[in-house]
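Trainee: I've got a new structure open and I'd like to talk it through. Can you help me read it piece by piece?

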Amino acid sequence: MNIDLNENHEELRRRVREITAKYPDEYWQDLDENRKYPSEFVDELSRSGLLSVLIPKEYGGEGRSLTEATVVMEEIQANGCNGGVCHAQMYIMGTLLKHGNEEQKQRFLPKIASGELRLQVFGVTEKHTGSDTTKLRTFAKKVDGGYLVNGHKFYIGRGQYSDLMLLLARTTPIDEVEKKVDGLSTFLVDMRKEKGKSLDIRPIRTMMNHSLTEIYINDLFIPDENLVGELGRGFRYILDGMNAERLLIASECVGDAKWFINRSVEWANQRELFERPIGQNQGIQFPIARAYASMLAAEMMVKKGCAVFEAGGNCGEEANTSLLLASEASWEAANVAMQTYGGRGFDANFAIERKFRETRLYQVAPISKNLILAYLSEHVLGLPRSY
Ligand SMILES: Cc1cc2nc3c(=O)[nH]c(=O)nc-3n(C[C@H](O)[C@H](O)[C@H](O)COP(=O)(O)OP(=O)(O)OC[C@H]3O[C@@H](n4cnc5c(N)ncnc54)[C@H](O)[C@@H]3O)c2cc1C
């Protein structure tokens, strides 16, 4: 395993900044106020190839490493934009790349790489079963030539702004499998012709602008050729992709923390009260410095996690720790920025309160902090399983 601490991937960061510079605070504030999706931003990112850096070159992507993908996500956040509107493409892709067959890769990857197809929906969570994923009820019944799916997916991001969905559904009832992780399968669903028919997608309003939806699935037909990997092993594929997902989202949190810290420093140096900048007071500068230290620790853990992943090792410990530390670091930095800005922290004319709302998510989704701690307790420390 090799971690190059001097490699900052400046060329990749510059490409991201060239795009993020066109989408300033006002753009995001307007969308936030009107609960609109940033289509222009996502289209431009897709066309630039930055959302498909993980797709191998032979399928039209850039064939880059997970480290480089985390750099893209971090830089988007560090410049005040919100990668949460399109990050799913990066981590959903892993299942297709690793477990999809050659025909599926040829059929989907070049179009995803060019931006012609949007792979933004990850249909896992359900209302009644929440974190207890293996109990999910959406069922795909085998029929002639494919599967007929019925069920309901809850808290699904970007349901209205994607062409494809990676769906996790039961294909064998839970009481007929030896292990509850078995009998679940992953499918690539072409949503385009199904919206308003077998897919009834309804928006859910959240405290931040996230394009969250619930999806009612009524007699959705999925052809055999859209089953990804082996029947019944889908949950294992999802688990398999979770380390990359955790590292990518942790890097977004690191980016958020950097953004909050930079804005705090800027404001603390600029705002003068009692004949000096407020940043001259230790009560203002120490919390910023502490948030910076938390961000650095999280950033280091993301780098280590990516290095273990790229060396082919099991990075469960590092990936989970990264997301825990990074989501706490971004939240700490968000609170510090609120305090540093005083009343302006709450003022929607400044971007702090919007980012504050956005970054809070990552302690709950894609996985809540408790389940990360449960993983570390059981799988790393050898404590009894608690759930
Ligand atoms: C904005 C947003 C976007 C999302 N996007 C997607 C998406 O695109 N696709 C998708 O599939 N899902 C998505 N989700 C769902 C998300 O993954 C879940 O909300 C999350 O996993 C928690 O599930 P839940 O909300 O049902 O909470 P619950 O499972 O009901 O849990 C509630 C609380 O109880 C805690 N808890 C539960 N069991 C235990 C235990 N054994 N020990 C300790 N604590 C426990 C949890 O940690 C949590 O804090 C999204 C959610 C949000 C809010």
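Trainee: Let's start with a loop. Where is the place of P366?
Mentor: Keep in mind that this is a predicted model. The peptide bond from A365 to P366 is cis, with omega near 10°. As for its place, P366 sits in the loop between helix 10 (352–360) and helix 11.

Trainee: And L376, which residues is it in contact with once we leave aside its neighbours within four places in sequence?
Mentor: L376 lies in helix 11. It has 15 other C-beta atoms within 10 Å, so it is partly exposed. Leaving out the neighbours within four places, its contacts are N320, T321 and L381.

Trainee: How far apart are the C-alpha atoms of L376 and G84?
Mentor: Along the chain, L376 and G84 are 292 residues apart. In space, their C-alpha atoms are separated by 25 Å.

Trainee: Moving to the ligand, which residues are the closest?
Mentor: The ligand is surrounded by 23 residues. Strand 1, strand 3 (146–157) and helix 11 (369–380) each supply at least two residues of that shell. The closest residues are V124, G130, S131, S368 and Y387.

Trainee: How many charged residues does the shell around the ligand have?
Mentor: Domain 2 (119–232) and domain 3 (236–380) each give at least three residues to the shell. Sorted by class, the shell has 13 nonpolar and ten polar residues. The charged count is simply no residues.

Trainee: How is the chain divided, and how far apart are the C-alpha centres of domain 1 and domain 3?
Mentor: The division gives domain 1 (10–114), domain 2 (119–232) and domain 3 (236–380). Between the C-alpha centres of domain 1 and domain 3 the distance is 20 Å.

Trainee: Which element gives the most to the side of domain 1 that touches domain 3?
Mentor: The contact takes 26 residues from domain 1 and 24 residues from domain 3. On the domain 1 side, the elements giving two or more residues are helix 2 (25–34), helix 4 (66–78) and helix 5. The top contributor, with ten residues, is helix 4.

Trainee: By class, what does that side of domain 1 have?
Mentor: Take the side of domain 1 that touches domain 3 and sort it by class. The result is eight nonpolar, 13 polar and five charged residues.

Trainee: Why does the span of helix 6 agree with its number of residues?
Mentor: Helix 6 runs over residues 102–114, which is 13 residues. At 1.5 Å a residue these should span 18 Å. The end C-alpha atoms agree with that, because they are apart by 18 Å.

Trainee: Where does the kink in helix 6 lie?
Mentor: Look shortly before the proline P110. The kink is about 30°, and it lies at F108.

Trainee: What do the buried residues of helix 6 pack against?
Mentor: The buried ones in helix 6 are F108, L109, I112 and A113. After the helix comes G115, with a positive phi near 90°. As for packing, the buried residues of helix 6 go against helix 5 (88–99), strand 1 (119–123) and strand 5 (184–190).

Trainee: Why is helix 9 largely enclosed by the rest of the structure?
Mentor: Helix 9 (residues 316–341) has 26 residues and reaches 37 Å from its first C-alpha to its last, close to the 38 Å expected. Just after helix 9, G342 takes a positive phi of about 55°. Helix 9 is largely enclosed because its buried residues number 20 of the 26.

Trainee: H9 has a positive phi although it is not a glycine; what is the value?
Mentor: H9 is in the segment before helix 1. It counts as partly exposed because it has 19 C-beta neighbours inside 10 Å, and 20 or more would make a residue buried. Its phi is about 55°.

Trainee: R35 is another residue other than glycine with a positive phi; where is its place?
Mentor: Phi of R35 is near 50°. With 13 C-beta neighbours inside 10 Å, R35 counts as partly exposed. Its place is the loop between helix 2 and helix 3 (39–48).

Trainee: Last one: is D4 buried or exposed?
Mentor: D4 is in the segment before helix 1 (10–20). The C-alpha atoms of D4 and G159 are separated by 38 Å. Since D4 has 10 other C-beta atoms within 10 Å, D4 is exposed.

Definitions and conventions. Residues are numbered from 1 along each chain as its sequence is written. This is a predicted model: local features need pLDDT of at least 70, side-chain atom pairs count only at pLDDT 80 or more; totals for chains, interfaces and linings use all residues. Helices (H or I, at least four residues) and strands (E, at least two) are DSSP runs, numbered from the N terminus. The expected span of a helix is 1.5 Å times one less than its number of residues. The bend at a residue is the angle between axes fitted to the seven residues ending there and the seven starting there. A residue is buried if 20 or more other C-beta atoms lie within 10 Å of its own, exposed if 12 or fewer, and partly exposed in between; C-beta atoms are placed from the backbone. Two residues are in contact if their C-beta atoms, placed from the backbone, lie within 7 Å. A residue is near a molecule or strand if its C-beta atom, placed from the backbone, lies within 6 Å of it. Ala, Val, Leu, Ile, Met, Phe, Trp, Tyr, Cys and Pro count as nonpolar, Asp, Glu, Lys and Arg as charged, and the others, Gly among them, as polar. Domain bounds come from an automatic or database domain assignment.
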